[in-house]
Amino acid sequence: MSDGELTVPELIDVVRARGVRPSVADHLSSDVSLAIKSVDAVRRYLDELEPFDVARAGEFCWHDPLWRELPDELVARFSHRIGSLHAVHIPGLERPLSMFHRTLPDDLTPASYMEYHLDDIERLAAEMPVDILAHPTLVPIPIRNLPVDELWTDSREERLVEALFDAGIAFEISNRYRPHERLVKRAHKRGVQLSLGSDGHTRAQVGDLAFPLEMAKRVGAEESALFDPFVHGTRATR
């Protein structure tokens with residue numbers, strides 16, 4: 001609804017035609033363009049979704065304060081909540097470094113960045129009352145094409161998986177920002193639930209879970225290992 005091209009009824013029709021249960025999870029953040037940016041706007045968003053047979057979710061930015069400002073009565077209306085690391089706190093920078101920034105500071109190496117990245121993931125997991133970590137391997141544009149093993153060492157993967165396990169947060173297998181199989185397998189082996197997500201904004205994208213489902217099967221995940229918003233969400237009301 002905030003930055004997608006379909007109406008809710010259109011989204012429902014397209015997603016159901018793909019054999020997938022529809023879920024709407026808008027960007028709820030004062031720091032994302034076209035997002036829902038205030039508590040009142042979140043209330044209107046939930047009101048608008050109320051008549052439809054969809055899972056009612058929201059994707060909150062860890063670095064943005066909106067998720068901390070929601071009253072309990074609004075939190076209780078979500079079927080589930082999603083946390084995103086769209087920016088990372090870097091010492092010495094006035095603002096967190098966005099995943100969509102096209103350069104890194106001159107003195108910030110990829111290895112140093114990844115340590116700050118994992119620091120923020122651990123804080124997110126410990127403090128943020130969400131059910132799913134969206135696109136867990138999303139990193140800034142300048143380092144996205146570096147070899148997986150350079151960015152995701154065993155110790156970094158362990159930190160991510162342990163943080164999610166300890167907090168009871170599911171690992172999203174995103175169709176848009178696809179994680180590597182070794183990390184998904186590590187998460188599944190540790191007992192972290194897996195969430196299948198399209199991260200869809202267009203007619204071609206919404207409800208496309210072919211890759212996430214294939215990945216889940218490849219790592220040996222059975223249906224009981226998959227996050228179901230109507231069974232497992234939301235952390236704040238369990």
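**Pockets, a buried arginine and salt bridges**

Biologist: How do the residues of the lining of the second largest pocket divide into nonpolar, polar and charged?

Modeller: That lining divides into seven nonpolar, eight polar and six charged residues. Please keep in mind that the model is a predicted one.

Biologist: What volume does the second largest pocket have?

Modeller: The second largest pocket has a volume of about 400 Å³. It is lined by 21 residues, and the ones closest to its centre are Asp31, Val32, His86, Ser98 and Phe100.

Biologist: And how much space lies in the largest pocket?

Modeller: The largest pocket holds about 1100 Å³ of space. Its lining is made of 46 residues, of which Arg21, Ser23, Leu196, Gly197 and Ser198 are the closest to the centre.

Biologist: Which element gives the largest share of that lining?

Modeller: Strand S1 does, with five residues. At least two residues each are supplied by helix H1 (8-17), strand S1 (23-28), strand S2, strand S3 (80-84), strand S8 (194-197) and helix H10 (229-232). By character, the lining of the largest pocket divides into 21 nonpolar, 16 polar and nine charged residues.

Biologist: Let's stay with H1, then. Which residues of H1 are buried?

Modeller: Val8, Leu11, Ile12, Val14 and Val15 are the buried residues of H1, and they pack against S1 and helix H2 (39-49). Just after H1 comes Gly19, which takes a positive phi of about 75°.

Biologist: Changing topic: where is Arg56 found?

Modeller: Arg56 is found in strand S2, which covers residues 55-61. Arg56 is buried and yet has no salt bridge.

Biologist: What is the nearest side chain of opposite charge to Arg56, and how far away is it?

Modeller: The nearest one is Glu50, and it is 4.1 Å away. A salt bridge requires the nitrogen and the carboxyl oxygen to be within 4 Å, so this pair does not count as one.

Biologist: What is Arg56 in contact with, leaving aside its neighbours within four places in sequence?

Modeller: Arg56 is in contact with Val24, Leu46, Leu49, Glu50, Arg77, Phe78, Ser79 and His80.

Biologist: Leu46 caught my eye there. What does Leu74 touch, not counting residues up to four places away in sequence?

Modeller: Leu74 touches Val39, Val42, Arg43 and Leu46. Leu74 has its place in helix H4, residues 72-75, and its relative accessible area is 0%, so it is buried. Along the chain, Leu74 and Val39 are 35 residues apart, while their C-alpha atoms are separated by 8.7 Å.

Biologist: What is the count of salt bridges?

Modeller: The count comes to 22. One of them joins Arg186 to Glu157, where the closest N and O atoms are 2.7 Å apart. Because Arg186 lies in helix H8 (residues 181-190) and Glu157 in helix H7 (residues 154-167), this pair ties together parts that are 29 residues apart in sequence.

Biologist: Are Arg186 and Glu157 buried or exposed?

Modeller: Both of them are buried. For Arg186 the relative accessibility is 19%, and residues under 20% count as buried, so it falls just on that side of the cut-off.

Biologist: How far apart are the closest N and O atoms of Arg186 and Glu158?

Modeller: They are 2.6 Å apart, and Arg186 forms a salt bridge with Glu158 too. This pair also links distant parts of the chain, with Arg186 in helix H8 and Glu158 in helix H7, 28 residues apart. Glu158 is partly exposed, having a relative accessible area of 35%.

Biologist: What about Glu214, which residue does it form a salt bridge with?

Modeller: Glu214 pairs with Arg218, and the closest N and O atoms are 3.0 Å apart. Both sit in helix H9 (residues 210-218), and because they are four residues apart, about one helical turn separates them. Glu214 counts as partly exposed at 43% relative accessibility, and Arg218 counts as partly exposed at 37%.

Biologist: Which residues do salt bridges that share partners join into one network?

Modeller: That network is made of Asp149, Asp154, Glu157, Glu158, Arg182 and Arg186.

Biologist: One more thing: how many cavities of 30 Å³ or more are there?

Modeller: The count comes to one, and about 40 Å³ of space lies in it. Its lining consists of Leu85, His117, Ile121, Leu133, Ala134, His135, Pro136 and Leu138, which divide into six nonpolar, two polar and no charged residues.

How values were computed. Residues numbered from 1 in each chain as written. Predicted model: local features only at pLDDT ≥ 70, side-chain atom pairs only at ≥ 80, totals over all residues. Heavy atoms only, no water. Buried < 20%, exposed > 50% of the residue type's maximum accessible area, 1.4 Å probe, protein only. Contact = heavy atoms within 4.5 Å. Lys, Arg positive; Asp, Glu negative; His and termini not counted. 1 Å grid on protein atoms, 1.4 Å probe; cavity = no way out; pocket = protein on both sides within 12 Å on 5 of 7 lines; lining within 4 Å. Points joined across faces, edges and corners; volume = space filled by probe spheres on them. Nonpolar A, V, L, I, M, F, W, Y, C, P; charged D, E, K, R; others polar.
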